[in-house]
Amino acid sequence: MLPTSEKKKWMYENMLVSRFFEEAMEAIYMEGKTPVFNMAEGPIPGEMHLSTGQEPCAVGVCAHLRPSDVVTATHRPHHQAIAKGVDLKMMAAEIFGKKTGLSGGRGGHMHIFDADVNFACSGIIAQGLGPAVGAALSKQMKGDDSVAVAFLGEGAVNQGAFHEALNLAAVWKLPVIFVVEDNSWGISVSKAESTAVKHNAVRAQAYNMPGRFIADNDPIALYDVAGIAIEDARAGKGPTLIEVETTRLAGHFMGDAEGYRPDGELDLLKSKDPIIRMKKLLIDEGVLSEDENLQITLKAQKLVDEAIEFARSSDYPEPAEALEKVFV
Ligand SMILES: Cc1ncc(C[n+]2csc(CCOP(=O)(O)OP(=O)(O)O)c2C)c(N)n1
């Protein structure tokens, strides 16, 4: 199942929006935090996990999804949210803690929630898997052919919630796809140190579901495999586990000194930047001209600039509203 030229361009544009968004976050996050790093200072307080380099994982899957399909994402959620169609302005405002944000500024960057496109994420590792299975069960019971996709990191695969979710999804043949973004690091712990199997895709065998491995951060190969998995799920054939070999070009969080990275790793990963590769692929295939590339790039940058401007110019919630929209 190969993407059409239009789909490829959508994927590329979406990857660019995601990259520009992360670049903006990276710069703005440091405002107020230099020269002394204080996590609470600046327009973006709290932790910040960037998904720079992992863009193919989101677009390869979300290119097949409809607004009614459910996505549960991780603590590194911006690329997944953007590819699912979460409102960029309201997402930016949420990250800034503004009242125009998706959750009125109460959630922040790890708790992006957009009911309009059925997107949620969580700062708790593997937390999204149970809700994705629940959403898939609800779709199945209603006879709706929507699906649920749960994204997780390769570190999260060692959580009990992963195994419980896969087992139940397989027993009940639920329309859910588990997508493991393997960036080979869980904070500073390498996959080799934490995980007994080389490829998490083989774990699917234990739950009697197909397990697919996508090498080399390849959005086109992922589009193909995800398309089959989602079609099968819509047709009632049950869940699939997909593992994508990807690259985290940023630190685990902003402020991470990355002392654990072997010498030369980052340079090697940057030499395989998926945005540059996707552009080259589309140009080589004749799908994209240099002029179109410029237009798409400018459009993506404008979308991000407008979202940031919206967030910056929005108001903070009033102190008197602090207990509204939260469980107390
Ligand atoms: C249940 C739980 N345990 C520990 C943490 C702390 N923690 C935050 S991110 C992280 C590593 C996650 O690694 P991975 O799943 O590979 O995702 P990545 O950060 O590489 O995207 C951990 C242990 C947490 N958020 N939740």
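**Ligand contacts and ring pairs in the predicted model**

In this predicted model, the ligand picks up a contact from the main chain of Ile 125, where a backbone N or O atom sits 3.1 Å from a ligand nitrogen atom. The protein covers a good share of the ligand: of the 580 Å² that the ligand exposes when taken alone, 72% gets buried. Two ligand contacts involve oxygen. Asn 183 uses its side chain, with an N or O atom there 2.8 Å from an oxygen atom of the ligand. Trp 185 works through its backbone instead, placing an N or O atom 2.8 Å from a ligand oxygen atom.

Zooming out to the surroundings, 15 residues lie around the ligand, and those that come nearest are His 75, Arg 76, Gly 123, Gly 155 and Trp 185. Sorted by class, this shell is made up of eight polar, five nonpolar and two charged residues.

Next come the aromatic rings. The model has two aromatic pairs. One of them joins Tyr 29 and Phe 37, whose ring centres are 6.3 Å apart. This pair counts as tilted because its planes meet at 50 degrees, which falls between the 30 degree limit for stacked and the 60 degree limit for edge-to-face. The two partners differ in exposure: Tyr 29 is buried, at 0% relative accessible area, while Phe 37 is partly exposed at 38%.

Tyr 29 also has a charge over its ring: the charged end of Lys 33 sits 3.8 Å from the ring centre. A similar arrangement turns up at Tyr 316, with Lys 98 lying over the ring face at 4.7 Å from the centre.

Note on methods
Residues are numbered from 1 along each chain as its sequence is written. This is a predicted model: local features need pLDDT of at least 70, side-chain atom pairs count only at pLDDT 80 or more; totals for chains, interfaces and linings use all residues. Side-chain values use heavy atoms; hydrogens and water are left out. A residue is near a molecule or strand if one of its heavy atoms lies within 4 Å of it. A polar contact is a pair of N or O atoms within 3.5 Å; within protein, one must be able to donate a hydrogen and the other to accept it, and residues adjacent in sequence count only if both atoms are side-chain atoms. Accessible areas come from the Shrake-Rupley method with a 1.4 Å probe; for residues, only the protein chains shown count as cover. Ala, Val, Leu, Ile, Met, Phe, Trp, Tyr, Cys and Pro count as nonpolar, Asp, Glu, Lys and Arg as charged, and the others, Gly among them, as polar. Rings of Phe, Tyr and Trp (its six-membered ring) pair if their centres lie within 6.5 Å; planes under 30 degrees apart count as stacked, over 60 as edge-to-face and the rest as tilted. Buried means under 20% relative accessible area, exposed over 50%, partly exposed in between (1.4 Å probe, protein chains only). A charge sits over a ring if NZ of Lys or CZ of Arg is within 6 Å of the ring centre and within 35 degrees of the ring normal.
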